[in-house]
Amino acid sequence: MGRVERGSAEGCWRELQSGAFSVQRQQSRRAKAQTEGLAKVLADAETDRILGVHILGPEAGSLIHEAVVAMEFHGAADDLARTCHAHPTLPEALKEAAMDVGKWAIHSAR
């Protein structure tokens, strides 16, 4: 939902920073044999405001609502990253992707 890294409309370009998290690294997904997927957060490089979120994989539809609310209220990636997410749950992938925007993700492959 929202922006993508490439192909932004002319005149609407902003410098972006992104964070991603592969659900393959998530224990709860391994237990369900759902190891394919990705959560990605795109934010304005200057303000950290969330401009786009992409979630691919099983149960993506049940995870996107959190990002929609954050974007509606002009939330920052840091806001999403600091929100409490129960462990081990699927929404942790979105938290890790938001944390990766600021390069302080705990379980990132970087």
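Two strands count as paired when DSSP finds at least two bridges between them. That rule underlies the sheet in the views below, all taken from a predicted model.

**View 1. Three strands form one open sheet.** The strand order is S1-S2-S3, and the pairing is antiparallel. Strand S1 (16-22) and S3 stand at the edges. Each has a single partner strand, so one side of each lacks a neighbour in the sheet. On average, neighbouring strands are turned by 10° against each other, direction ignored.

**View 2. S1 runs antiparallel to S2.** Seven bridges join these two strands. Look for Ser 18, which stands opposite Leu 42 in S2. In general, strands of a sheet pair through backbone hydrogen bonds, either parallel or antiparallel.

**View 3. Helix H4 packs on the sheet.** H4 touches S1, S2 and S3. The direction of H4 makes about 145° with that of S1.

**View 4. The largest nonpolar core has 23 residues.** Those with the most contacts inside this core are Val 41, Ile 50, Val 53, Ile 55, Ala 77 and Leu 94. Two strands give two or more residues each: S2 (38-44) and S3 (50-56). Three helices do likewise: H2 (64-72), H3 (77-82) and H4 (92-101). H4 gives the most, with six residues.

**View 5. Ala 77 sits among the core residues with the most contacts.** Residues up to four places away in sequence are not counted here. Ala 77 touches Val 41, Ala 43, Asp 48 and Ile 50, among others. Ala 98 and Val 101 are also touched by Ala 77.

**View 6. Leu 90 lies in the loop between H3 and H4.** Is this loop residue buried or exposed? Leu 90 has a relative accessible area of 9%. Buried means under 20%, so Leu 90 is buried. Leu 90 and Val 23 are 67 residues apart in sequence. In space, the two are 8.4 Å apart, C-alpha to C-alpha.

**View 7. The whole protein has four helices and three strands.** Read along the sequence, the pattern is β-α-β-β-α-α-α. Buried residues make up 38% of the 110 residues. Of the contacts with a separation of 6 or more, 54% come from residues 24 or more positions apart. The protein exposes about 6400 Å². Carbon and sulfur atoms supply 53% of that area.

Key. Residues are numbered from 1 along each chain as its sequence is written. This is a predicted model: local features need pLDDT of at least 70, side-chain atom pairs count only at pLDDT 80 or more; totals for chains, interfaces and linings use all residues. Side-chain values use heavy atoms; hydrogens and water are left out. A nonpolar core is a set of buried Ala, Val, Leu, Ile, Met, Phe, Trp, Tyr and Cys residues joined through side-chain atoms within 4.5 Å. Buried means under 20% relative accessible area, exposed over 50%, partly exposed in between (1.4 Å probe, protein chains only). Contact means heavy atoms within 4.5 Å. Accessible areas come from the Shrake-Rupley method with a 1.4 Å probe; for residues, only the protein chains shown count as cover. Axes are lines fitted to C-alpha atoms, for helices over the stretch in contact, and angles run from 0 to 180 degrees between N-to-C directions.
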